[in-house]
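Trainee: I would like to learn how to read the features of a model like this one, step by step. Could we begin with a turn between two strands?

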Amino acid sequence: MLFLDDEENILRSLKRLCRSESFDTRFCTNPDEALDLVEREGFAVIVTDMRMPIMDGITFLRKALAIDSDSVRIVLTGYSDIEAAKAAVNEGNIFKYLNKPWDGKQLLANINEAVAYFNAKTARRRDLMKLGEFMSQMVHDIRNPIHGIRGSAELLKDYIGEQTAKEFCEIIINQTGRLNEMATELLVAYKEQNPHAPKERSAVDLQSFFLEWEQLWQQPLSERSVDMTLGVGVDCTLGLSINDFSRVLNNLITNALEIEAVDHIRVTVKVEDQGLAAVQFVDNGGGIPASVRSRIFDIFFTHGKENGTGLGLSNAKKIVEKHNGRMFVQNVDWEHGRGAAFTIMLPYISAV
Ligand SMILES: Nc1ncnc2c1ncn2[C@@H]1O[C@H](COP(=O)(O)OP(=O)(O)O)[C@@H](O)[C@H]1O
Ligand SMILES: [Mg+2]
């Protein structure tokens, strides 16, 4: 718990008030020092004065919020100005606005309420993070034996002469490839739910990106006899993580190639209003039945496949949203038949 007030005697009486409680408390008269403390220690509850000489309470709360959005904020002030109260609530996102002089019992009750609110808010996320950490460690560990199996099957394939045995080795190799992909998607699902994961962005030119990406998919496309038309008419630069963006498109093309009926895919890039680029990915696999369309972006939702993980589209959407974009799907009719059309809207840096 952090208390900030420019008046020493106020802090002294707050200290006295908290003595009977089991709070771990810090008291500060200087807002800059208080921000340092927020940075270093993090607090469940921050109680601040409004009028202070170096920095006003609203500015302080806004800065504290930028450092640590979890702490629950209380304003304790003798200064009753409705505009200031409004600003504190709106900009500082505060939990309670209390008046000086305070009633000790009431103030303690309010602080305890704030602590309970903080605990409830953070408990669920903490559990999820723990589970995610455990899962991601496990997935890492599972990858080692997968690599071992794959490596051995590759060696074995060259070792044996018999064709049927070679084909079994091929199956093992392909299946370990799938296992590895699934493991990667699980790691991505964990990374995407972690608000503290680092963002690796660079300026990406979509025309050159799609040329390279098309190259990578040329072989699988021709093995499946699927034609892909690429229409990137605009020269558009986006701030992206190339890895993440490739993953989005790879998941879309993998899904399309998993549909028997698909023999055409079209990818187009257009520039829309409001600084957004629209990437559209269309196939001719018949589209998505209305009964499942609202759920395809849900984590673990899979439909009509034996080996689906239900992670592909959920990860894709999370990645797009992390880039401040939107992703949605429609069924469309086009020259090659009916199919699913996935649209990704992303803010661009520049477009010509
Ligand atoms: N292009 C598509 N056409 C029709 N249905 C699709 C298409 N892409 C995805 N789907 C549906 O959405 C579901 C979820 O996709 P996804 O999240 O990638 O998981 P998975 O591929 O592992 O099932 C798929 O199981 C499929 O039923
Ligand atoms: Mg998929």
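Mentor: This is a predicted model, and a good place to start is the hairpin of strand 9 and strand 10, which has four residues between the strands and in which Gln 274 takes a positive phi near 55 degrees. The two strands of this hairpin, strand 9 and strand 10 (residues 276–283), pair in the antiparallel sense over seven bridges, and Val 269 stands opposite Val 279 in strand 10.

Trainee: In which sense do strand 7 and strand 9 pair, and over how many bridges?

Mentor: A useful general idea comes before that: in a regular strand the side chains alternate between the two faces of the sheet. In the present case, strand 7 (residues 227–232) and strand 9 (residues 264–271) pair in the parallel sense over six bridges, and within this pairing the bridge partner of Gly 231 is Thr 268 in strand 9.

Trainee: What is the strand order of the sheet of five strands, and which strands are at its edges?

Mentor: The order is 7-9-10-12-11 in an open sheet of five strands, with mixed pairing. The edge strands are strand 7 and strand 11 (326–334), each of which pairs on one side only, while the twist averages 15 degrees from one strand to the next.

Trainee: What is the order of the open sheet of three strands, and why is one side of strand 6 and of strand 13 left without a neighbour?

Mentor: That open sheet has the order 6-8-13, with antiparallel pairing. Strand 6 (202–205) and strand 13 (350–351) stand at the edges with a single partner strand each, so one side of each is left without a neighbour in the sheet. Strand 8 (residues 236–240) pairs with strand 13 in the antiparallel sense over two bridges, and Thr 237 stands opposite Ser 350 in strand 13. Helix 7 (residues 206–223) lies across strand 6 and strand 8, running at about 70 degrees to strand 6.

Trainee: How should I describe two helices that pack, and at what angle do helix 6 and helix 10 pack?

Mentor: Two packed helices are described by the angle between their axes and the distance between the axes. Here helix 6 (residues 163–193) and helix 10 pack at an angle of about 35 degrees, with their axes 10 Å apart, and their crossing is left-handed. From helix 6, the residues Glu 185, Val 188, Ala 189 and Glu 192 meet Gly 312, Ser 314, Asn 315, Lys 318, Ile 319 and Lys 322 in helix 10; by class, this contact has three nonpolar, three polar and four charged residues.

Trainee: Which strands does helix 10 lie across?

Mentor: Helix 10 lies across strand 11 and strand 12 (337–347), running at about 120 degrees to strand 11.

Trainee: How does the domain assignment divide the chain, and how far apart do the centres of domain 2 and domain 3 lie?

Mentor: The assignment gives domain 1 (2–102), domain 2 (124–193) and domain 3 (202–351). The C-alpha centres of domain 2 and domain 3 lie 25 Å apart, and their contact takes six residues from domain 2 and ten residues from domain 3. On the side of domain 2 that touches domain 3, the residues divide into four nonpolar, no polar and two charged.

Trainee: Finally, how many residues surround ligand 1, and which are the closest?

Mentor: Ligand 1 is surrounded by 20 residues, of which the closest are Asn 255, Thr 302, Gly 308, Gly 312 and Leu 313. The elements that give two or more residues to this shell are helix 8 (242–257) and helix 10 (312–322), and by class the shell has seven nonpolar, eleven polar and two charged residues.

Technical notes:
Residues numbered from 1 in each chain as written. Chains lettered and ligands numbered in written order. Predicted model: local features only at pLDDT ≥ 70, side-chain atom pairs only at ≥ 80, totals over all residues. Near = placed C-beta within 6 Å. Nonpolar A, V, L, I, M, F, W, Y, C, P; charged D, E, K, R; others polar. Domains from an automatic or database assignment. Contact = placed C-beta atoms within 7 Å. Pairing = 2+ DSSP bridges. Axes fitted to C-alpha atoms, helices over the stretch in contact; angles between N-to-C directions. Left-handed = near helix turned anticlockwise from the far one by under 90°.
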